[in-house]
Amino acid sequence: EDILEMLKATPPLVESLCDVQQQVQPNGVDLTVKEIALLSSPGSLNLRNEARVLSSTSPLVFDGLGGIDLLPGCYLVTHNEVVNLPKNIMALAMPRSSLLRCGVSIHNAVWDAGYSGRSQSLMVVYNSQGFRLYKNARVVQLVFFCLSHEVAEGYKGMFQGENI
């Protein structure tokens with residue numbers, strides 16, 4: 001009920017849902033696949049980000065049935081949904097159990113209080129037989145945590161407003 005109320009806020013907690021009834025769960029919201037890309041270059045990171053280089057990506061194309069056959073490896077998933085966290089809520093995402101039962105996982109970072117954007121996740125196909133993924137598939141559940149107080153300053157990193 002709290003999540004449904006926050007979806008009506010301005011801005012909504014999560015917007016651009018494909019199907020509210022399917023995606024809203026008791027403790028969170030399922031995020032879906034908008035796009036998927038192959039990592040096509042190395043990246044780098046250091047303490048203060050002066051040497052930060054994000055890996056380049058090569059977008060993959062869904063077939064006429066809306067699916068794509070993925071070989072074992074790493075992929076960058078862009079989600080359909082835009083997440084708008086107020087300064088008193090943070091979130092973590094976990095892969096859906098059906099995905100795990102197919103030998104596939106999704107890895108995520110913390111969604112900091114105050115973050116707003118269309119996030120991305122790292123999908124790893126571990127199954128040696130590969131995996132077929134469809135556009136708009138529900139792949140992760142974003143779980144929300146209320147903080148005891150608003151943070152003084154919300155997320156201000158380079159991914160604020162990403163992919164909008």
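This passage walks through selected local features of a predicted model, from a polar cluster on one strand to a pocket and some backbone details.

A good place to start is strand β2, which spans residues 28-39 and holds threonine 32. Aspartate 30 is found in strand β2 as well. Threonine 32 has a relative accessibility of 1% and therefore counts as buried, since the cut-off for that class is under 20%. Aspartate 30 is likewise buried, with a relative accessible area of 1%. Both residues make side-chain polar contacts. For threonine 32, one partner is the side chain of asparagine 80, at 2.7 Å, and another is the side chain of glutamate 81, at 2.5 Å. The side chain of aspartate 30 reaches that of glutamine 25 at 3.1 Å, and a polar contact of 2.9 Å links the side chains of aspartate 30 and arginine 138.

The wider surroundings of these two residues can be read from their contacts, leaving aside residues up to four places away in sequence. Threonine 32 touches Cys18 and Gln23, the run Thr78, His79, Asn80 and Glu81, and also Asn136, Ala137 and Arg138. Aspartate 30 touches Gln22, Gln23, Gln25, Glu81, Arg96, Arg138, Val140 and Gln141. Gln23, Glu81 and Arg138 thus appear in the contacts of threonine 32 and in those of aspartate 30.

Just ahead of this strand comes asparagine 27, in the loop between α2 and β2. Asparagine 27 and glutamine 141 are 114 residues apart in sequence, yet their C-alpha atoms are 8.6 Å apart in space. Beyond residues up to four places away, asparagine 27 touches Ile3 together with Gln141, Leu142, Val143 and Phe144.

Isoleucine 106 offers a view of another strand, β8. With 4% relative accessibility, isoleucine 106 counts as buried. Setting aside residues up to four places away in sequence, its contacts are Pro95, Leu99, Ser121, Leu122, Met123, Val139 and Val140. Asparagine 46 lies 60 residues from isoleucine 106 along the chain, and the C-alpha atoms of the two are separated by 24 Å.

Turning to aromatic residues, a search of the whole structure finds one aromatic pair. The pair consists of tyrosine 115 and tyrosine 155, whose ring centres are 5.8 Å apart; their planes stand at 65 degrees, so the arrangement is edge-to-face. Tyrosine 115 sits in the loop between β8 (104-107) and β9 (116-117), while tyrosine 155 sits in the segment after β12 (138-146), so the pair ties together parts that are 40 residues apart in sequence. Tyrosine 115 and tyrosine 155 are both buried.

The model also contains pocket space. The largest pocket holds about 710 Å³. It is lined by 24 residues, and those closest to its centre are Leu54, Ala109, Gln120, Phe159 and Glu162. Strand β10, covering residues 120-125, gives the most to this lining, with three residues. Sorted by class, the lining of the largest pocket comprises 12 nonpolar, nine polar and three charged residues.

Finally, several backbone details deserve a look. Threonine 10 and proline 11 are joined by a cis peptide bond, with omega at about -5 degrees. Proline 11 is placed in the loop between α1 (2-7) and β1 (14-15). Serine 16 has a positive phi, near 65 degrees, although the residue is not glycine. This serine 16 lies in the loop between β1 and α2 (20-23), and its relative accessible area of 40% makes serine 16 partly exposed. Asparagine 163 also has a positive phi in a residue other than glycine, here near 55 degrees. Asparagine 163 belongs to the segment after β12 and, at 36% relative accessibility, counts as partly exposed.

Conventions: Residues numbered from 1 in each chain as written. Predicted model: local features only at pLDDT ≥ 70, side-chain atom pairs only at ≥ 80, totals over all residues. Heavy atoms only, no water. Helix = DSSP H or I, 4+ residues; strand = E, 2+ residues; numbered from the N terminus. Buried < 20%, exposed > 50% of the residue type's maximum accessible area, 1.4 Å probe, protein only. Polar contact = N/O pair within 3.5 Å; in protein donor to acceptor, adjacent residues only side chain to side chain. Contact = heavy atoms within 4.5 Å. Phe/Tyr/Trp six-rings, centres within 6.5 Å; stacked < 30°, edge-to-face > 60°. 1 Å grid on protein atoms, 1.4 Å probe; cavity = no way out; pocket = protein on both sides within 12 Å on 5 of 7 lines; lining within 4 Å. Points joined across faces, edges and corners; volume = space filled by probe spheres on them. Nonpolar A, V, L, I, M, F, W, Y, C, P; charged D, E, K, R; others polar.
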